[in-house]
Amino acid sequence: MLEGYNFAFLDEGAKRQVRRALLKAVAIPGYQVPFGSRELPIGRGWGTGGIQITLSLIGKDDVFKVIDQGSDDSVNAVSIRSFVSSCTGVEQTTDTSQATLIQSRHRIPEAPLRNDQILVLQVPLPEPLRMVEPREAVTKRMHAELDYAPMWLGLYEHIVRVGEVKIGADYPVQVENHYIMLPSPIPRFDNPKLHMNETLYLFGAGREKKIYAIPPYTQVASLAFEDHPFRIEDQADRACHLCGAQGVFLDELFAEDGQKIYQCNDSSYCLKRMNENGE
Amino acid sequence: MENKPALSLSNLSVRYGRGCTFCEASDNELQGNRCPHCGSIWAVRNVSLQVYPGEILGVVGESGSGKSTLVQALYMDVEPVSGDYRLNCYQDGAANVFKVSLPQRKMVRHLMLGMVYQNPHMGLRMGFSVGANVAEKLIAAGSRNVQEMTRRTAELLAHMEVPLDRVKEPPKHFSGGMQQRVQIAKAVANNPPMLFLDEITTGLDLSVQARVLDLVRRIQQELGITMLIVSHDLAVIRMLASRTLVMLGGRVIESGLTDQILEDPQHPFTQILVHSLLS
Amino acid sequence: MAYVAVTGGQEAIAASIALLREYRCHGDNPLDPVAMVNRMGLLIDKIMGEAGLYCPDHAALALLQSEGSVEEAVFLLRAYRSSLTRAYYSIPLDGAQMRLLRRISAAYKDVPGGQMLGATYDYTHRLLDFSLLSEHEDTKIDTASSEDEECNPFHALRVSDLLRAENIIVQSPTHAKSSETVPEDITQNPLRFPTPRSARLQVMARAESGFLGGLAYANLRGFGQAHPTVGELRTGWLEVNIDHPLLDGQTLHVGEIQVTEVESFFSLEEESQLEELRDDPLKRMERGQGDKADTSTNALQIGVGYGLTFGRSDQKAISMSIMDFSLEKKSEGILSDDEFVLLHGDCLEMSGFISHLKLPHYVTFQSKLDRVRSTRKDTEACHA
């Protein structure tokens, strides 16, 4: 444990402020709640929004998991895990089903999440309307008035010009037919997991000082035109070269001979499958 | 019943500046449109007018007379100090449009009104394609069908004689006359009952002017849209409007049938205006 | 035998940290934090300013820990401060009460109380002095002059107060407001736009010095409309007091901080405020329709831009005063846009977001690739 620091690093006043913002976020799904984001020993833009949520919620009995781009072992995941561990001492896990609190960057785990778990997603840029309007004062007004025509126009323009919405990851959604929200840069493959799920999703943007949430059983629709339905990444006919999984998000890798091979992006899921198959 | 106005406006005032007790009393004389006490500008002061279904009402005046501000207030680009604004197409004229909620005002603006600005930069998004510019109105009206919008956009642009092979180009590549055609296509996209035209031919070549005015007359005949057209040029008003208001210093100084005003102008300013047209 | 995850991150980080330690501890001449406080004062000042934490000892430690990287040192101090409870707010400090070490005015040849050049590099010739190489480690300069300063503290009225007495300086509306209400605290609350002046000043006081300097410079060179005269620049010590936590009506002295304060003067036409209102119906509504104007005269006035920084930092304080005025005046252009100026100059935020680009982005990149491939497939199908 870190000497001379409070449990979970932040002072209790800061934690309460974050929790108040979280309560508001849960009460108004998809609404970006501004909060007094604190500086952390981790770089701003490296997940500090998510970490502040984690530090404000974590208790001594929690079991904590961190993934970055689907991997428990990515340097950033390791770094965040060791920081949370050093200032809380709570139990760590890589097993999704064991965790009570999961912090993730750019992925929702493959294993179905439960009602007694919380997924915290790190958000680099929370404002969906930024693609059509650079100014915060204006985008806040647009949300208040549900003035989303410019956003739809942006998507329409993509289709007119290139025949396809150009957005790759971080594909915008509309929550309960009301606020438009960015799901953080998860692949489109993960968007459907936000809809009517039994888990609480919390989103934290530290540098941009916003917190938002999707509570359990919330309707979340990816933006789409009637004749241009939302489409996830095309990964048909591909399977993980390690565990053989299909219908999961696969990383594209190059083998030594330059051939493309595919592998589960969620490393803990893949490992679990390999162990189950092996037995 | 036939004589119920499509648009009825009473006592519209638009002020720039803080105002004071002197200029807020409507019968006190100002220096032109400027308050001698507080320096506030009364761009429009106590203007009332009616526009009847299917007619074209002209508003003429020198620059600074308040005619552009008048039409911008009607299109809800500027916020008035006071005024009562009824549209027959909105709740049968039962509500003052200035007083209804902002989303309602937006709805009125998107569905029931069209606007063509003198400066195409105000009416068009110069970085978006021409197609998306026209589609913006359709999106605002709730359309979420790309094919349907593309079809309607093409139909409108063809009607305005904009070459269809240029539909993916941004309007900044277009000539002034062509930009006005795009603006008109956008303004009438939702078949609004009411169209505002603000100095739409100012700054265009004479031959281009004539063609744009022809187009206005044609769509008025074909679609039967009620129009309010603002111009400093009495020749434009004479060509299009059956009835005319003359504005000076933010007030209406004369009104009547266009022919009547041309033949027998009453106010000295109108006399100068008519004289300059004839000479 | 079960599968195990292919690990690497953990070891890589550990090795990287070990290597950092090696770089930091190069050679046989360890740095002494006390010496750094004493002899690298301007660097310490810069770091304390950008960190928003006045503590020379911690600043020196942070520098030591980060091989002298300013952004890393600022980062360490900011993070450290987050773990501390904000126990008290000080009683507002008044720059006029400063125990002065330096005080100059570019606006007047002489000012009541006198000018005092103090310590400045302005009039040195920037010749690399090779004799310093043989300066003995423990060369110590007699500190008689600073003792003298302690015996005869030098105080003086602000230059701007002279003009205020003449009614030539008229406080802008936000200026007046900020003295009436509790100032914003940007370390506890997010910025909200449009920003109050107190928030703007706090953000700029913590802004990266070079960023602020660049903006102020652009403002002077013609990308803005600010043409300042440095009305007064003063450096000195200010006492920090808090309301006594137990005894009502009494104050408690908690220490002294060294600051540099600048007031820049600009000529200002009353009319321009009307322009601003004319352009923006939103702002007009914000002002309230009922506001009654004074009888307007279009005479010129002097507007004041304010800058305050920790320690001795003339350039940052002057830059801040220019940008304060520029934001207050709300004229055309990006240099008067509070969102642009305030959101992009924080050392921590800029370095954090730029450095995060080094993190893996393979999931998002793959999504991007998928879109590129699918549109290419469509066009290729068209051409076929």
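A nonpolar core, as the term is used in these legends, is a set of buried Ala, Val, Leu, Ile, Met, Phe, Trp, Tyr and Cys residues joined through C-beta atoms within 7 Å. The views below all come from a predicted model.

**View 1. The largest nonpolar core of the model and its best-connected members.** This core holds 207 residues, and B:A185 and C:I47 touch the most other members. Zooming in on B:A185, and leaving aside its neighbours within four places in sequence, we find contacts with B:V134, B:L156, B:L157, B:M160 and B:V162. Another core lies apart from the largest one and has 12 residues, including A:F189, A:C243, A:F249 and A:Y262.

**View 2. A mixed, open sheet in chain B.** Here 6 strands line up in the order β5-β6-β7-β3-β8-β9, with mixed pairing. If you follow the sheet to its edges, you arrive at β5 (113–116) and β9 (251–257) of chain B, each of which pairs on one side only. Direction ignored, neighbouring strands in this sheet are turned by 15° against each other on average. One pairing to look for is that of strand β3 (residues 56–61) with strand β7 (residues 226–231), both of chain B, which is parallel and runs over 5 bridges. To find your place within this pair, start at B:V60, whose bridge partner in β7(B) is B:S231.

**View 3. Strand β9 of chain A, enclosed by its surroundings.** How many residues of strand β9 (residues 210–214) of chain A are buried? The count is 5 of the 5, so the strand is largely enclosed by the rest of the structure. Both of its faces are covered: A:K210, A:Y212 and A:I214 are buried on one side, and A:I211 and A:A213 are buried on the other.

**View 4. The pairing partners of β9(A).** Strand β1 (residues 33–34) of chain A pairs with β9(A) in the antiparallel sense over 2 bridges, and there A:V33 stands opposite A:I211. Strand β8 (residues 200–205) of chain A also runs antiparallel to β9(A), joined to it by 5 bridges. In that pairing, A:Y201 stands opposite A:I214. β8(A) and β9(A) make a hairpin with 4 residues between them, and in the turn A:K209 has a positive phi of about 60°.

**View 5. An antiparallel, open sheet of 3 strands in chain A.** The strand order is β7-β6-β10, and the pairing is antiparallel. At the edges sit β7 (180–181) and β10 (220–222) of chain A, each pairing on one side only. Strand β6 (residues 173–175) of chain A pairs with β10(A) over 3 bridges in the antiparallel sense. A handy marker for this pair is A:Q174, which stands opposite A:A221 in β10(A).

**View 6. Where chain C meets chain A.** The contact draws on 41 residues from chain C and 54 residues from chain A. On the chain C side, the elements that give two or more residues are α1 (9–24), α5 (70–82), α15 (347–355) and α16 (362–383). Which element gives the most to this side of chain C? That is α16(C), with 11 residues. By residue type, the chain C side divides into 16 nonpolar, 17 polar and 8 charged residues.

**View 7. Helix α1 of chain C.** One of the elements on the side of chain C that touches chain A is α1(C). This helix has 16 residues and reaches 22 Å from its first C-alpha to its last, close to the 22 Å expected at 1.5 Å a residue. Is α1(C) largely covered or hardly covered? It is hardly covered, and the count of buried residues among its 16 residues is 0. For the wider setting, chain C has 16 helices and 4 strands, and buried residues make up 32% of its 384 residues. Among contacts in chain C between residues at least 6 apart in sequence, 68% join residues at least 24 apart.

**View 8. C:E184, a buried loop residue in chain C.** C:E184 has its place in the loop between α8 (173–180) and α9 (197–205) of chain C. Why does C:E184 count as buried? A residue is buried if 20 or more other C-beta atoms lie within 10 Å of its own, and C:E184 has 20 C-beta neighbours inside 10 Å. Not counting residues up to four places away in sequence, C:E184 touches C:N189, C:P196, C:S198, C:A199 and C:Q202. C:S198 is 14 residues from C:E184 along the chain, and their C-alpha atoms are separated by 5.9 Å.

Conventions: Residues numbered from 1 in each chain as written. Chains lettered and ligands numbered in written order. Predicted model: local features only at pLDDT ≥ 70, side-chain atom pairs only at ≥ 80, totals over all residues. Contact = placed C-beta atoms within 7 Å. Nonpolar A, V, L, I, M, F, W, Y, C, P; charged D, E, K, R; others polar. Pairing = 2+ DSSP bridges. Axes fitted to C-alpha atoms, helices over the stretch in contact; angles between N-to-C directions. Expected span 1.5 Å × (residues − 1).
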